[in-house]
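Dear colleague,

I am passing on a structure that may be new to you, together with an account of what was found in it. Please have the sequence and the model open while you read the rest of this message.

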Amino acid sequence: MTSRIPRDSRLRLVRPRPLAAAPRAMNQRRSRRPAPRPPEGTPAPAELARMARSGLAGAARVAHWADAALRPGRDGASPDGKGTLSEATAELAAEDLGLTPAQVRADWDTARLAGLVEVHGDSARPGWRLRAWDRDDSAVLRGWVALFDAWSLAHPEPREHEPSAVAEVVSAMPQVLSFLQLSAGPVPVAQLLDLLEQRVTELRTERCEIPYGPQPEPVQQPPAAADAPLDPLLDWALHALASVGALTYGDAQATLTPLGSWAVWVKLEQICVAAQSPAGNIEQSAEDMLRGCSQLRPNAARAEYRAWLAARTVGSAVGQLIDAARGEDALLRGLAFEALRVVGAPAEPDVRAAVDEATLRPYALLWLAEHDGIDPEDAHEVLTREEATWMWVDTAAAVADHGEAPLLVRHLESAIQPTVPMLLDEVRAVGHPRTVQVLVALAAAHPDPALAKAVRRAAFQVHTGGS
């Protein structure tokens, strides 16, 4: 007498659950740290958003004009890969909006830095923040913080200064801003200059490492960068920060605006959250950071991602996350794309490139769908049946490696196939490298002897290459 799977052994159809569901079931602790509150006197989020909308009104107006007049994908930017407005487009916008072409270009550049406009090769399109501009305060504040982070691009540095000196000042400005935030009032520029000089000296000292073994004669470096006075660069930095609305600058003193003070507090709070985490994630590699976050609940994990990202340049952080996603651990793959969701628009070029990699393709397609405004509950519809099956196996691998047997059994419910035999046939066909291990783990975990036997048979056939 042999056991078999009944013909009507159907799986309950549900929407596929994202990989992030696996860590939720494996959480071992809840973050007990109370939600931090901004310093006393900080305006409410709605008021901050009103300020941000006011400061970015020109950028939003030009972005809305481009959306209506050009429509996504039409020629409106120069083919330089940077989204610079063409002469004809700038003049047309200036005529329609009652501005000068120079004002249009300035507002366009601000819109790009704030994520209201996204550049794709030779064309530009409206960003998701523009779609949510009038109804979502958090989207507005995120756009303003993106502009705040890009202050050194919003107001280009003086050409006569050494690039290395400019880079040192940009690296040192977070400490200057922190001092301004703690001061909670006007600070003389002379005092800020002293602080900047101290911080730049520290940065230069940190780079002075004594190598081991015989070394060639040092090359004489021009003294311009090291000996140049920093006050012109501080003046540039303060003007740049004032241009994005982070501070006011005049009469030889600087004062953070409410938006600027709030943004600096947010950055400091992100760092404090990571510093207080058990794993100290802010100093970890992307892979180790993700492993540490796998034990946290979703909100706590997102706070860790934000803190880790705040301590790195966007390009470096995105590259590290993509590399971590390429590894063998499927759990880290899903978590890496959760962290990339926190990055938002700046990660899009790298995520779009990841579509060409079979291992990353389903995750990248889901990320892009959500980034384009598709509801996360419906984003899975962009996947082909084969891609969805591949992701089902990948998620099952994460659960098998990091979860518990009942969770793996429940994972059957997220399959898109209506029957177990169809699922097994399509799982075998997609060629996921972890197929055998997933099927063996599922067979060992499932309480139905008949189903477990069929799954073991499928695992054996995949292992031997039989049918």
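When two helices pack, angles over 145 degrees between their axes count as roughly antiparallel, and those from 65 to 115 degrees count as roughly perpendicular. Please keep in mind throughout that this is a predicted model.

With that in hand, the pair formed by helix 16 (residues 314-325) and helix 17 (residues 330-343) can be placed: the two pack at an angle of about 160 degrees, with their axes 8 Å apart, and they are therefore roughly antiparallel to each other. Helix 16 passes helix 17 in a left-handed crossing. On the side of helix 16 the contact is made by Val314, Val318, Leu321, Ile322, Ala324 and Ala325, which meet Leu332, Arg333, Ala336, Phe337, Ala339, Leu340 and Val343 in helix 17. Sorted by class, this contact holds twelve nonpolar residues, no polar residues and one charged residue.

Helix 20 (residues 385-402) and helix 23 (residues 435-445) pack at an angle of about 60 degrees, with their axes 9 Å apart, which makes helix 20 oblique to helix 23. The crossing of these two helices is also described as left-handed. Here Trp392, Val393, Ala396, Ala397 and Ala400 of helix 20 meet Thr435, Val438, Ala441 and Leu442 of helix 23, and the residues of the contact divide into eight nonpolar, one polar and no charged.

A further pair is that of helix 3 and helix 5, whose axes lie 8 Å apart at an angle of about 90 degrees, so that the two helices are roughly perpendicular to each other. Gly58, Ala59, Val62, Ala63 and Ala66 in helix 3 are in contact with Val104, Asp107, Trp108, Thr110 and Ala111 in helix 5, a set that comprises seven nonpolar residues, two polar residues and one charged residue.

Helix 3 and helix 5 appear again at the second largest pocket, where both are among the elements that give two or more residues to the lining, along with helix 2 (45-55), helix 7 (137-149), helix 8 (151-154) and helix 13 (258-275). The volume of this pocket is about 510 Å³. It is lined by 26 residues, of which Thr110, Leu113, Leu147, Ala154 and Val244 lie nearest its centre. Helix 5 provides the largest share of the lining, namely six residues. By class, the lining of this pocket has 14 nonpolar, eight polar and four charged residues.

With kind regards

How values were computed
Residues numbered from 1 in each chain as written. Predicted model: local features only at pLDDT ≥ 70, side-chain atom pairs only at ≥ 80, totals over all residues. Heavy atoms only, no water. 1 Å grid on protein atoms, 1.4 Å probe; cavity = no way out; pocket = protein on both sides within 12 Å on 5 of 7 lines; lining within 4 Å. Points joined across faces, edges and corners; volume = space filled by probe spheres on them. Helix = DSSP H or I, 4+ residues; strand = E, 2+ residues; numbered from the N terminus. Nonpolar A, V, L, I, M, F, W, Y, C, P; charged D, E, K, R; others polar. Axes fitted to C-alpha atoms, helices over the stretch in contact; angles between N-to-C directions. Parallel < 35°, antiparallel > 145°, perpendicular 65-115°, else oblique. Left-handed = near helix turned anticlockwise from the far one by under 90°. Contact = heavy atoms within 4.5 Å.
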